[in-house]
Each structure stands twice: as structure tokens, then as C-alpha cells.
Amino acid sequence: MNLKDCHNFNDFRKLAKKKLPSPIFHYIDGAADDEITYNRNTSAFDDVDLVPNVLRGVENIDLSTTIFGKKLDLPFYLAPTALQRLFHYEGERAVGKAAQKYNTMFGVSALATVSVEEISSMIDTPKMFQFYFHKDRGLNDSCLERAKAAKFDVMALTVDTITGGNRERDLRTGFTSPPKLTLSSLFSFATKPMWGINYLTKGKFELPHLQDYVQEGTSTNTSIGNYFSTMLDQSMNWKDAEKLCSQWGGHFALKGVMSVDDAKRAVDIGCTGIMVSNHGGRQLDGSRSPFDQLAEIVDAVGDKLDVICEGGIHRGTHMLKALSLGAKACSGGRLYLYALAAAGQAGVERALEKYKTELERDMKLMGCTKISDLNRNNLRFRK
Amino acid sequence: MNINDCYNFEDFRKLARKKLPSPIFNYIDGGADDEITLRRNSEAFDSCDLVPNILNNVGEPDLSTTIFGKKIDMPIFLSPTAMQRLYHYDGDKASARAAEKFGTFYSMSSMANTTMEEISNVSSGPKLFQLYVHKDKSITDDLIERSKRSGFDAMCLTVDTLVAGNRERDHRTGFTTPPKLTLQSLISFAIHPQWVFNYLTHPKFELANVSKKTDKGTNIAKSVIDYVNEQYDPTMNWKDAEYIAKKWDGPFALKGVMSVEDAKRAIDIGCTAIMISNHGGRQLDGSRSPFDQVKAISDAVGEKLEIILDGGVRRGTHVLKALSAGAKACSFGRAFLFSLGAGGQHGVERLLENMHKEIRRNMILMGCKSVKDLDASKIIFRK
């Protein structure tokens, strides 16, 4: 199997599994507890059916949408994800360039392995910086100032990682950052020598936004769950979020809002967007899926800020369903991470091309020529 | 296993799988994307239950119904399907003869391998011609004229294939028409020598009704996907459909209507029928199943249009449920294509005979004397 055999999400996943040492693959692939929420995030889309309209004349399709004041050519973007250089040695460089090529937003994690300055000098398309609220206020200020100086367009504060999720696959495989050789992981690293060679020879593994302040994740091995639990400030509250929002002074979103109450409160503190997200099922298992919760939130705040549906999206039709319910855009992490692991920049570009082709095809089949044509008349929920 | 061991859909499917090279079997068997709609089309029937009436003095039930101005002996007919020569060397001739024998409609696809003139010579039973609107208008006009001259009773215009669906099985098997030998398909052709022998020794494969106008699909090996995308007119709109309805000036249906709004509009442009269909789950995955949608459409337009349910029908009880929910008749493609692949004309006859027996038996068990007795009181939907 190689890249040209990858036609969908599952194909990219399969190829990533072949290329990655197993602790790293399972770090991407796994989720919290019994992974019930993780599975529901995708299967929720099957509870609603699309109802097409025919004979509309649909030669030219416009997939563009505007979020956070920026026009994107696609109605979805690349969610911020940590540690991308573990998945492919090109890491964020690959993902950023692919995002630029398709003119969509690139989300950069606080736990990125390439700096905001480098990304900013590399691509001029819309960029989002994802912020973790650390106990160390010096670190928080530094992240914010650097993202501002690097002219990032949007700041997203993650609010669903106040403590690490129970990712049992990581407990079993012994996944840490940076990766650590253990007796149990030795075999899996040894059987993927290309990954090992690239990891060791293509530049040092760094977390450039954090490493001046913390050892964990670079010089000291840590699991991600442990990092969240020990480094992030569990006392974070609405006041802190409001302060950050005004300190940033630009488009600001909360990532991980699930309740209508919180969505309304996000409006009050000055947010211009929210990501309805459960962190890809990686935090609280049994929590509601973004798609299941989307309509309520759109009804409450959809006219006041940009609502983004994040999680479980594998297909163009999933995006059409979320957009029909009123999401302004969709985003995803695994959506492109498997492709990154499978083949670097070429992989991410192929994935984006596939989703774009699917969206265009599906819009035509729905009888829609632009994203604003999608509405709830296109949907029927099964009883 | 041979044709006389086939009692139901799954049996015919199994036998067809044994007889056909794998790219061809999978072309019939597959659907779009994750095949969720393909599965739902049949599963939808399980969301409602039949409620029999007893002691009704049924006697010999009358299975006949009238569609497109023709009385047919059973409330199910053969959907138009492309390229039947690939499944059996007798192709459309076998299907047309079998349908005539059981007093029901045979339907011819624009992409048939037999001309309508030939079919007129071998069958005097009721016949439906299925039209695709090609970019080259003269192809469309020519097909309408010839259908008229060849004595076809009705015409349907397919409206759900403005762009080809994402049939990933075809990407993987490399399915093209005419079939092309590739390294990956070689083995599969080699282990089905009987099919290859028949394919090569019987008349040449061509898209007989359009071959004078375009050599695509006849002389150049193309995937059906490429053919659809190159030849069909994506700007097709209601005006075009109205023009065709007028030009045809006989019983006329749109095939692929799914929304109530479109069903109403079909009346306005002069349709006498609609076929509720999502193209057998082969186009827009995640779209609603015909059975899930039939009641809403029948409630809105059932008195003004004949409603045909196309998709997912495997059993006599499915037909009974569809009729109870408001359809006038059902049609099926895959079911009869497997029987054609499994045993040519004899196979299709056996399938139709099985269906006839099932419908008859089930009507007796339901206490219904005629298909008119099947109404909303005969089914209850589970919550």
C-alpha cells in the first residue's frame, strides 16, 4: 500500500499504521477510557439523512466560507494538534504548506514542534494559535506575545484539557514525549527503522513555545496526560478567559465548548467563535458528540459568533450535514494527521484534495452551488 | 451452487460473485463512500412492521397494478441499469424477455449495450426508456425520437447523476468499461474463464444507443465515473426536464427525486410519475433512503403522481411495506443484476418467479385481496 492507494480517511489511517511505531500511531488513534465518545463522534452523522434537490444547474461550486473575518476556500480547516514532528519529520512545515496551497486555516498548537515565527515566515494564509493556560504566567504571556508578533489571525483557548484524559492505549504502549525506548516499545521502533532514522537525523525534537520555561516534553519524557495534569492551571475560570481575550485583542475562540450555557457565556466575554468539540473523544468519555450538540448551540448563539463543528469528521458528507445544521465551518485533527504520518506534505495535500473533491461532488448531488445554500431543509433526522 | 439453489437476494448475489470477475461483481455490489446509504436502503424496511388482518377470505390475491398507463402483473419491475452485457452475454435481451414473461416492465438504460430497436424485436412487453441528458443535445434528441419509434411505453429522466458518485471499490479494482486487463485484475479474469470466453465470443461490447454519437465507453476503456463526468450535462435544470417531458409527450418520470419540494415541482412540468431513488446508494452517501422518505412524498403528491420506490428492495415484504406507505410500485436493479450474472435469462426469470411467490404468499398472510388493500393501516413504525 502506498499514498496513491489512499482514497479516504480509513486508507490514510491504514498507511499511517504501517509507517509509525505503534506507541505513536496509538497516540493519534486512541481516545479516553472505552472510546465510546470517540466512536460516537463519527456515528452521530449517520442519524441524519441528506435530502437532495434535483435539476438545479450545478456546474460551478463555490466552497468558500468566512470565519473569524477570513475568507477560506474550503469550509473546513486543520485543527491545532500537538507534536507533529513525531508523526512525520516535516511536521508543522508540511501541514502549514498544504493548508496554504488549499487556502484554508492552519491551527498551530502550543505544543507544536515548529515555532510560530518560522510558520509565519513560511505561509501567508490564515493561521490560528491554540493556547494552553499554564500555571507559569510568564510562559502564558510569552506564547501570547509571540503569536501576536508573528501575526497570527486567531487565538483559540483550549478549555477541555484542565486535566489529562485517561488514554489507556498510551498507558499500555508507554507513549511519552519525547519518545522513550522501553522494553515493550523497542520492538515497534525497531520494525519501523525509517521513522527512527528520520526522527534522529532531521533536526532536534523541540517544543519551541514551551522549552524556555519547562523541561517536560523535550528534555524530560512525559506523557501528554501527565503534562496536562501537572503543567496546566486547573484553577482557570471565566475571568482568566476574559482577560486573555482582551489581552489578545483580536479574533478569539474557546475550543471545547459543549453546553449552551457556556456558548452564551463565550459571547459575553467577547469571543468571536467557539469550537464545539470534545477533543476528539480524548478527554471525557461518554460526553456528547459535537454533531449531536450542534443544533442547540447554533440556535442559541449562531448569529453572534462563528460556531465550528470539530470532531468525528471523515467525509465530505459529514461536513455538509454539520454546515446544514448551521456550523460556519468544520475542523479536525485526525482528518489530516494520518495523512501527515503516511506521507508528509504530499499526504496532507492528497487528503485535502480528496475532501475537496468529495465536497464538490456532494454539493452537486445535493443541488447546492454555495455553502449558504445548505440549511436544515436538506436534512431529516431519523426517529 | 447453481441457479436452482437460489432462493433469495443473498443466494443470487453469492452465485454472481462466483461467476463474475471481481471488478465487475464489485461494480454491481458497491456503493458510494462508506456505503452507509446503500445499507440503509434495505435496513429502513426493518424500522416498520407489517400488521396482518385475519379471516379475510383472501382466495387468490390480485397482484396487478397499473403504472405508466400499463397494467402489470406484479407491483415490481426491473430498473434501468447500464451495461448488462458485462454481467451476462445476453445482457438486456435476457432481462427484457424475462420481464415480458412475468408481465412487468423491463427498463433500458441510455448506457445499454443493446439498441432499443433490437429490444423491440425480442419483447412486446411493457418497456421504459431511461434517459441521461448528455452535453451534446443531439444525443438526447436522438434517444427520445428513437424511443418513440421503437414503441417504448414510458420514459424516465435520471436526475441524480450530475456527477458520478465516489465508488471506491471501482478505484481499487480498476473497473472500466469496456473491461481493461490490468495486472491487478488479470488474476480475477483468469479465474473466471467462462465469463471471458462468453464475453469475447458474443457480439462486441458497445454502448449501443449512443455509439454512433460518441466513442467514449465503447472504444476507449473508461471508468463509468469518467464517462458520467465527461458526457452528462451538469447544468441540467427544470427547464431541460420540462422540454424533455413535452418532447416525449407520454408517461414520464423523474428518477432520483428525494425531496417533497421536488416531487411537487415534478407535477408542474408534466410528469406522470416519479421514482424515489438515491441510485442504489451509489451517488450521495449519507442521503436518505427511499423507504424513509416515501410516506412524506406520498402524502404530498400521491394523488397526482405515480410513486415508484427504487432502492433496497430485496424481499416481497419490502414491496408490501413500500405499497402500504404509499408507493404504487417498486423497482430494483442490483437484485436482478445478480440474477442475470448468475444465470442469464433463466436467472432473471427465477428471481421474478421467487418475487411473485413471495408477494403472493405475503399478501395472503396479510389478508389482502389486492394491492389496493395495502394502505397505511397495514404498517406500524417503531419509535
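**View 1. Chain A as a whole, in a predicted model.** Chain A has a radius of gyration of 20 Å, which agrees with the value near 21 Å that a compact globule of 383 residues would have. Box up its C-alpha atoms along the principal axes and you get roughly 60 × 50 × 40 Å. Inside that box sit 15 helices and twelve strands. Buried residues account for 55% of the 383 residues in chain A. As for who touches whom, take the contacts in chain A between residues at least 6 apart in sequence: 73% of them link residues at least 24 apart.

**View 2. Helices H4 and H15 of chain A, side by side.** Two packed helices are described by the angle between their axes and the distance between the axes. Here, H4 (residues 91-101) and H15 (residues 334-366) of chain A have axes that come within 8 Å and cross at roughly 25 degrees. Since angles under 35 degrees count as roughly parallel, that makes H4(A) roughly parallel to H15(A). The crossing of H4(A) past H15(A) is left-handed.

**View 3. The residues between H4(A) and H15(A).** On the H4(A) side, look for Ala94(A), Val95(A), Lys97(A), Ala98(A) and Lys101(A). H15(A) answers with Tyr336(A), Leu340(A), Gly344(A), Gln345(A), Val348(A), Glu349(A) and Leu352(A). Sorted by type, the residues of this contact come out as seven nonpolar, two polar and three charged. The spacing along each helix has a simple background: an α-helix has 3.6 residues a turn, so residues three or four places apart point the same way.

**View 4. The side of chain B that touches chain A.** Across this interface, 31 residues of chain B are in contact with 27 residues of chain A. Four elements of chain B each chip in at least two residues on the chain B side: helix H7 (168-173), helix H11 (238-248), strand E8 (252-257) and helix H12 (260-268). E8(B) gives the most, with three residues. By type, the chain B side is a mix of twelve nonpolar, nine polar and ten charged residues.

**View 5. Helix H3 of chain B and its buried residues.** H3 of chain B covers residues 36-43. Its buried residues are Ile36(B), Thr37(B), Leu38(B), Arg40(B) and Asn41(B). Helix H13 (290-301) of chain B is included in what covers the buried residues of H3(B).

Note on methods
Residues numbered from 1 in each chain as written. Chains lettered and ligands numbered in written order. Predicted model: local features only at pLDDT ≥ 70, side-chain atom pairs only at ≥ 80, totals over all residues. Contact = placed C-beta atoms within 7 Å. Nonpolar A, V, L, I, M, F, W, Y, C, P; charged D, E, K, R; others polar. Rg over C-alpha atoms; globule rule 2.2 N^0.38 Å. Buried ≥ 20, exposed ≤ 12 C-beta atoms within 10 Å, placed from the backbone. Axes fitted to C-alpha atoms, helices over the stretch in contact; angles between N-to-C directions. Parallel < 35°, antiparallel > 145°, perpendicular 65-115°, else oblique. Left-handed = near helix turned anticlockwise from the far one by under 90°.
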